[in-house]
Every structure is written in structure tokens, then in C-alpha cells.
Amino acid sequence: MTLAVTVRAAAERFGPRTAFVDPDGTRLSYADLDARSDAVAAGLRHAGVGPGDVVLLRLPSDSTYVIAYAAAAKVGAIAAGVNPRLAEPEQEAVAAVADGALTLTSAEEVAELSRPGAVEPLADDPERAVALVFTSGTTGQPKGAVFRERQMAAVTRIDVADAWGDPDTSPTPMLASTQFAHVGFMTKLPWYLRLGTTTHVLSRWRAADTLACVAEHRIATLGAVAPQVALLLREDLDAYDLSSLQALIVGAAPSPLALVRQARARLAPGYSIRYSSTESGGCGTGTAFDADDEQQATVGTPRGGIEVTVRDDAGTVLTDGEMGEVWLRSPTVMAEYWRDPDATAAALVDGWLRTGDLGAIDARGNLRLAGRQKEMYIRGGYNVHPMEVEAALADHPGVAEVAVVPRPDDVMGEVGVAVIVPTDPGQPPTLEDLRAHLAPRLARYKLPEAMRVVDALPLTAMQKLDRRALAAQEDPRR
């Protein structure tokens, strides 16, 4: 079922039910989403926008964005979102790569497109491109991952199979945890629509506002990244009724064990760590909600219909426990990079996605990440993978959050710097404490040789750890 057909079917099934609640309280029903996207689609068609054209959405993450996205799908155009949290030069870089036939920048512009009349439904075509989702523009030229109808349908099958929500029961309340330009929304909108959820949108993610929304709307499952969970735990949780919250789905990177334990004790009993990427369609691996400590130190096992292997530089599959590049195969993986055949050929090999992430698969089939290939640094001729060191530091009682980045060294070439957010800012651990904690677990060359204490780790616009910013503080040439 295409995105356009899903919008119409959801309207027929759920009608007046609220689909989205904007930050100002404005509500958009399923019926209105269908009717208003029909009107905007008619305007797009009148403006000459049709199959294969790119509609650039430089819009806030609210109901207008969803209307424009659905309208583009109804005329066969490709919706490309621009994350408003990117800096202006980064946004311009995304816009240049997308090269849109039409750019929408405000709710007024979307409303002005509206015209009476219905748009003739498109023929079912699984190869029709629907969404263009950009990788982070903070490091080098952004790349646009193309998702066709078949990938969108595959994402929906992984999440909800062929299920539809019940129109006669109360809708499942959800909180939008990412900007709508993110893969977590762009490829997963169809399953929100199929389930008949009511999604609440915050103008900007803040811990206190998130907790208030959970309490007010009785949200049961909350999506986040590990730094956001850490911020939630710093709030006065007793000030909110969080009894509805049963599960956290935490993506982007592994979670420190100490964080998992605290979150389970104080926020929600279920905690699932997820690993995926823009190119994989937002689908990859995950831990069980009640996973033991051994699994929670990993990013879990492949989800249904997904295959994961670890390979050497020649593409040979490695045995369990050996470190190499993570390759992933799934029907949800992007079709290509937008107008970039060379990058596409490098990333997609015989149906497999080369993720660029380093990891190993343990005896239980869990994937253990060691970081990105480009994040690796070389100390005295030995390769060091920051995420491996971070994972070993994560259960130090004095460490709330940690990142390991390289610093130039005249003798060793590069050495590691542990940048930490201490559990107790008044009594942070010393470098000697950290090295003593790591010594029984890691080779000596992997131990950090400097430490820096910060109030918070920097995040990218995608709410991921901004390693580039941290590394630049150690080496301005980066």
C-alpha cells in the first residue's frame, strides 16, 4: 500500500480521530489530513509538480509538514525534509543537493497552494520514489538517501506487519521525539497512520516538557537517545505522574549500563537499545526490553527480516567476536543516494549496505559496536576504537556520560582524551581512576591519557553525540 493510499485509508478508518497535535495545541484529524493534503496536491499539480520532482520541505515539524509530505506523495513527487536545527549553511547545502522543483518554507505557503478538486490517484508503483532523507550535514557534503514505495512498505511490515489500529478504541498517544526530516519520521509515517496514533509535537525537545507531555497524555512508550534519557533522569521525576510509561526505545548509539539501570528503576521498566541508520531506513538491531546486562552492553540482535554480518576490508565475513565493518541487508535499505552513483556504489554492494560502523558479533548473536571507521585513531601504530573504550568506562560509578576523542601527540601520533560528564560534579573521578577502571578490561594502548570534565556533551542537530566538535576542541585543525 502506497503512502498516498495509506493516508486515504486511514481517513476512512479513523475519520475525526486526532492524528497530530501541534505545539500550540492545534489538532489535525485523519479526515482533515486527507482532505487538506488533497487540496495541496491539487495546487502542486497546478504548479506543474509531478512524478519524480522534489518538493523541499523547509518547514517546522508540525501538522503542516505532514500535510505537505502527504500531498507530494499524492502527485508522485519526492518529499525532501530539511532539518531546521541545522545551521543555515548546512541547510543550504542540503537544499543544493536536493535541487527541488518547489520549496515550501511556511504554513502560509502551503495553505496558498490549496485548490479545490481531487487529484487522480496514481497507479501502484513500488519503484516510485517517495522520500529523500539526508544524512547529517555536519561532516562534509550531505547525502540524500532515496526511499521508494517498496522500502516504505517494508518499514511498515517490520514495525506493524499488516495490522491496522482499531477505530473503536482509544488512540495510542505518542510523542514525536525527532525532527520530521529525520528518517525516524519520514520512513515511519505510514505505520503511525495505520495504527491510528495521536502524535504530540513539541516545539523543541526539553526534558521537563517531555515529562509533562508523558504525564498529561498517559504515554506508554517513549523514543529517545541516550543523552536525552540522561537529561530526563536529572529532572525531579516525583513532580510528574509517570505511571503510564512502560518502555523506552533508545536509538543512535549504545547506552551506558548505569544509565539503563537508572532508567529502568526510575522511568520505565522496559528499555530497548536500537541501532540503525538513515541508509537502513531506520531499521536495524535491538535489545529486548527486559534484556540482561550482557545484552544491554550491546545494540542487540537483528530485527525481523534484517541480516547483519561483520566483514573485513575485502568484504569477507568474519567469525564471531572478530572486529570489522558492519554490513546490513534488509528490504528497508535505501534504494540509492540521490544523484550520487559513486557514493551509492560504495555503500550498496550486492544488496548489502556497508554501514561504515565497526563492530563484532558475540556468541549470543548480539552486535557490539566500536564506532565509525573514520572515528578510529592510531596510537603508536595501534588502532583504537573510541566506542569500545566508552563502553568500558560507562559503568564507572563516577561517570554519567563519556566520549573518547583523539588529541595529536608528538610521540604517539594520537592519544585518547576522555571527555566526561561526572555523576557528582563536585567530585569528578581522576584520570588515574578511569585508567585503573579500564586496566583489567582493555589493552594498555587503548587507555585515555588525558581527561576533560564538562557539564554536557555536545549533540548534533540529529541529537547524536557531536564527535567532530569534541575532536576540534582537542585539535583545531580538524
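## Strands that pair

Two strands count as a pair if DSSP finds at least two bridges between them. Keep that rule in mind as you look at this predicted model. Strand β10 and strand β11 (residues 247-251) run parallel and are joined by 5 bridges. One partnership to look for involves A224, whose bridge partner in β11 is V250.

## The sheet and its helices

These two strands belong to an open sheet of 5 strands, in the order β10-β11-β12-β13-β14, and the pairing in this sheet is mixed. At its edges are β10 (221-225) and β14 (301-302), each of which pairs on one side only. As general background, the strands of a sheet pair through backbone hydrogen bonds, either parallel or antiparallel.

Helices pack on this sheet too. Helix α10 (residues 226-233) touches β10, β11 and β12 (270-275), and its direction makes about 115° with that of β10. Helix α11 (residues 257-266) also packs on the sheet, where it touches β11 and β12; the angle between its direction and that of β12 is about 140°.

## A covered helix

How much of α10 is buried? Of its 8 residues, 6 are buried, so the helix is mostly covered. The buried residues are A226, Q228, V229, A230, L232 and L233. Among the elements that cover them are α9 (207-217), α11 and β23 (399-409), together with the sheet strands β10, β11 and β12.

## R274 and its surroundings

Now find R274, which sits in strand β12. Its side chain and that of S272 are joined by a polar contact of 2.9 Å. Leaving aside neighbours within four places in sequence, R274 is in contact with I249, V250, G251, A252, T285, G286, F289 and R303. You have already met V250 as the bridge partner of A224.

## Two helices that cross

Further along the chain, helix α14 (residues 386-393) packs with helix α15 (residues 431-438). Their axes are 9 Å apart and the angle is about 95°. Why is α14 called roughly perpendicular to α15? Angles of 65 to 115 degrees count as roughly perpendicular, and therefore the angle of about 95° earns this pair that description.

On the α14 side, V389, A392 and L393 make the contact, while α15 contributes L434, H437 and L438. By type, these residues divide into 5 nonpolar, 1 polar and no charged.

## Far in sequence, together in space

V453 lies in strand β25 (residues 450-453). In sequence, V453 and P422 are 31 residues apart, and in space their C-alpha atoms are 7.1 Å apart. Not counting residues up to four places away in sequence, V453 touches I420, P422 and P428. Is V453 buried, partly exposed or exposed? Its relative accessible area is 39%, which means it is partly exposed.

## Two residues with positive phi

Finally, visit two loops. R218 is in the loop between α9 and β10, and has a positive phi of about 60° although it is not a glycine. With a relative accessible area of 36%, R218 is partly exposed.

The other residue is D350, in the loop between β18 (348-349) and β19 (352-361). Its phi is also positive, near 50°, and D350 is likewise a residue other than glycine. Residues over 50% relative accessible area count as exposed, so D350, at 71%, is exposed.

Conventions
Residues numbered from 1 in each chain as written. Predicted model: local features only at pLDDT ≥ 70, side-chain atom pairs only at ≥ 80, totals over all residues. Heavy atoms only, no water. Helix = DSSP H or I, 4+ residues; strand = E, 2+ residues; numbered from the N terminus. Contact = heavy atoms within 4.5 Å. Axes fitted to C-alpha atoms, helices over the stretch in contact; angles between N-to-C directions. Polar contact = N/O pair within 3.5 Å; in protein donor to acceptor, adjacent residues only side chain to side chain. Buried < 20%, exposed > 50% of the residue type's maximum accessible area, 1.4 Å probe, protein only. Parallel < 35°, antiparallel > 145°, perpendicular 65-115°, else oblique. Nonpolar A, V, L, I, M, F, W, Y, C, P; charged D, E, K, R; others polar.
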